[in-house]
Amino acid sequence: MKTIDIKFTDKPHDECGVFGFYNNDNYNLAELTRGALYGLQHRGQESVGITVIKDEESYTVKNVGIVSEVLTDKALEKLPDDGKIAVGHVRYTSLDFLDRAATQPLVMRYIEGSLALANNGSITNFAEIRNELEKGGAIFQSNSHAEIIGYTIATKRIDTESIEQAVMRTMETLKGAYSLVISSPSKLMGVRDPHGFKPLCIGKLNNSYIIASESCAIDSVGGEFIRDVEPGELVVIDDDGLKSYYCEKKKTTSLCLFEYVYVARPDSVIDGVNVIEARHKAGRILFEENPIEADIVCGVPDSGLDAAQGYAEASGITYATVFIKNKYIGRTPEGVGNDKKRRLLQMRLNVLTNVVKGKRVVIIDDSIIHGNTSAHIVKLLKEAGASEVHMRISSPEFVYPCYFGIDLPDEEHLISNKLSVEELRERIGADSLSFLSVEGIRSIAEGCNIGLCDGCFTGRYHADKPKIIYEDKFALKINK
């Protein structure tokens, strides 16, 4: 298996975007789904795939890479353009290597034909379910959580009257975070875990139905947003239209707050909250909580820009473009380890010296994980002649890991778990450093129609942490 260094920035990462389409209008499914996956590319850049169902047979194109690399015109020729159902997926992996066998959609043969599945999230009882399935004779090809979900659905289907019942029974078995798009030979299904950790929404395009991780994917194909899938809901679409089923609802729901800070695309609306408005609000609250006198405000591209505009609005300080980002750098330039990371950072960002020279600069970013990127950014600004550099972060300190689909290191590798704010300020070389408060970040999602998860900031999780964690393909560890 080829090992590829894929983590060259100390940013949190989400684990995937999903898309499904039920075709009642003779659309070219391959082309349409590719367009939607471009809209979800920000949720994962390691692999991409499309499965099209025609006459109850499945056809799949998937590989490691981004949409433009994998879903070429030539590759799409392998897919029927007049299919009935499509499932699409973009993936980010939390592993240190790209497990090609885990590329989705995962297509399995089960008792009634093909089952195509795309997942976003993290199953916290993954190890226990996998162990039980292996005892029953299951043979796994990957470390994918989608694979154990598919196996569980197929197993439950043996003792149930319908695929819907099998999926509902599977929801009773799974713990943790999952938003799924599933296709049986004749039905498209969308599933959101009972806590609602990950977003999932429903749209329409004329008479056809869409299920997607974010509303921006619906917009990208010209569709109309209908509503969010509710926590614990199973949506089933077939020739009779859309039906809805619910498993037992949780007392506390837990949408990941970091969807609003970093993960989601700015033009999406998630559970009633406009993402770009939430980021502007984060910037405004950040100034109210941590004011400073300065000459210009700027953001780290791309995730700090919206909050920086909000900070400028609240403070009256001039907003300026300071960094130019090179978006056309290959994913795997020569070199490994820290040298490669430093080289990538230098190649990706260039400072407009004439804008910052002699100025007091407020720089806004969305988070600090290890501190390396922040230190590099401060250094770039000071080398360009900034007289002062004040860093403001539009989220609280990351002190605890995430178990529910955001790839955050364990506590010992989170810099804010080890250093005070003042110690971290000294480490990165800024003249001042402040974070948004927990109360502040929760208020940016005011109007959200479900509860919010802030476990990575507070250590308070609304769902059970995993008891056993698969560290890699062959090792288990107990989570203490």
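Tyr260 has plenty of company in this predicted model. Even with its neighbours within four places in sequence set aside, Tyr260 is in contact with Leu255, Ile270, Asp271, Val273, Val275, Ala278, Arg279, Ile444, Ala445, Cys448 and Leu452. Tyr260 also belongs to the largest nonpolar core, a set of 40 residues. Together with Val297, Ile364, Phe398, Ile444 and Cys448, Tyr260 is among the residues that touch the most other members of that core. Ile444 and Cys448 thus turn up twice, as contacts of Tyr260 and as well-connected core members.

As for where this core comes from, at least two residues each are supplied by the strands β15 (255-256) and β22 (360-365) and by the helices α8 (258-263), α9 (275-289), α10 (305-315), α16 (438-443) and α17 (455-458). Helix α9 gives the largest share, with six residues. There is also a second, separate core, made up of 30 residues. Leu133, Met168, Leu180 and Cys247 are included in that one.

Then there is the sheet. Seven strands line up in the order β4-β3-β5-β2-β11-β10-β12, paired in the antiparallel sense, and the sheet is open. Its edges are β4 (57-64) and β12 (224-228), each of which pairs on one side only. On average, neighbouring strands here are turned by 15° against each other, direction ignored.

At the β12 edge, the partner is β10 (residues 201-205), and the two strands pair antiparallel over four bridges. Within this pairing, Phe225 of β12 stands opposite Gly203.

Technical notes:
Residues are numbered from 1 along each chain as its sequence is written. This is a predicted model: local features need pLDDT of at least 70, side-chain atom pairs count only at pLDDT 80 or more; totals for chains, interfaces and linings use all residues. Side-chain values use heavy atoms; hydrogens and water are left out. Two strands pair if DSSP finds at least two bridges between them. Axes are lines fitted to C-alpha atoms, for helices over the stretch in contact, and angles run from 0 to 180 degrees between N-to-C directions. A nonpolar core is a set of buried Ala, Val, Leu, Ile, Met, Phe, Trp, Tyr and Cys residues joined through side-chain atoms within 4.5 Å. Buried means under 20% relative accessible area, exposed over 50%, partly exposed in between (1.4 Å probe, protein chains only). Contact means heavy atoms within 4.5 Å.
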